Amino acid sequence: MKRLFDIFFSGLVLILVSPLFIPIIIVLLITGEHKVFYKQTRIGKNRKEFGLIKFVTMKSNSSNMPGGDVTLKNDPRVLPAGRFLRKSKLNELPQLLNILLGDMSIVGPRPMTGRNFEYYNEEVQKCIASLKPGLTGIGSIVFRDEERYIDNTEKPALDFFKEDISPFKGELEKWYSERANLGLDLKLIFMTLYVIFFPNSEIVTKTFKDLPRHAVFLP
């Protein structure tokens, strides 16, 4: 049922948003490094690696530059057009192709790079690896403005990501894996769209009373 829903929903959305691809492609070709798409290796279900497809928003080889896989607010590695694409989440649209190919689902844990995956403890790794990664999910919604948290901490960015963000993300993904069903997926899809337009909304905590809490990220 979930796979059929993924195919139907991703195919429908691709048809609806395909007109947006043309101006995005044109802008990326005439700005930045003149590239449109890139693939990055991510960890999928059963720890199988796959190539995540995105619109280019950062400089080539940015993961090997200072900052690594952690993106900061006003990160100098982000291309001019990339800032808008990341803020609006339009850079994520090509992942609909990953869903059609079966690498991902509409809803699930955020697909991690190998380096970020290792920041989770073994229990969380097993939990995440039991599911297909998702275009959206509870972790993606709660941390939709992750760069703001990193920018406001006094800790070094990587330490904050490893010691604070990753453990709580792990708790959120465990919460989802224990409750995953089509009804929950539909709620999370709606919330994803809702918080894009109302980023300061408390819809997540008001809807899910049993969600894990955190003094900084989800009070």
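## Helix α1 and the pocket it helps line

A kink of about 50° sits at Val-17 in α1, shortly before the proline Pro-19. Keep in mind that this is a predicted model.

Even with that kink, α1 doesn't fall far short on length: its 29 residues, 2-30, reach 39 Å from the first C-alpha to the last, close to the 42 Å expected at 1.5 Å a residue. Right after the helix comes Gly-32, with a positive phi near 55°.

Which residues of α1 are buried? They are Phe-5, Asp-6, Ser-10, Val-13, Leu-14, Val-17, Phe-21, Ile-24 and Leu-28. So the kink residue, Val-17, is on the buried list too. Here are elements that help cover those buried residues:

| Element | Residues |
|---|---|
| β2 | 49-55 |
| α2 | 80-88 |
| α3 | 95-101 |
| β3 | 105-107 |
| α9 | 182-197 |

Now for the second largest pocket, which has a volume of about 210 Å³. Of the 15 residues lining this pocket, Lys-2, Asp-6, Ser-105, Leu-131 and Lys-132 are the closest to its centre. Asp-6 therefore turns up twice: it is buried in α1, and it is among the residues closest to the pocket centre.

Which elements give two or more residues to this lining? They are α1, β3 and α9, and α1 makes the largest contribution, with three residues. Both β3 and α9 also help cover the buried residues of α1. By class, the lining of the second largest pocket is a mix of five nonpolar, four polar and six charged residues.

Conventions. Residues are numbered from 1 along each chain as its sequence is written. This is a predicted model: local features need pLDDT of at least 70, side-chain atom pairs count only at pLDDT 80 or more; totals for chains, interfaces and linings use all residues. Side-chain values use heavy atoms; hydrogens and water are left out. Helices (H or I, at least four residues) and strands (E, at least two) are DSSP runs, numbered from the N terminus. The expected span of a helix is 1.5 Å times one less than its number of residues. The bend at a residue is the angle between axes fitted to the seven residues ending there and the seven starting there. Buried means under 20% relative accessible area, exposed over 50%, partly exposed in between (1.4 Å probe, protein chains only). Contact means heavy atoms within 4.5 Å. On a 1 Å grid over the protein atoms alone, a cavity is a set of points where a 1.4 Å probe fits but cannot get out, and a pocket is an open set with protein on both sides within 12 Å along at least five of seven lines; lining residues have an atom within 4 Å of a point. Grid points are joined across faces, edges and corners, and a volume is the space filled by probe spheres set on the points. Ala, Val, Leu, Ile, Met, Phe, Trp, Tyr, Cys and Pro count as nonpolar, Asp, Glu, Lys and Arg as charged, and the others, Gly among them, as polar.
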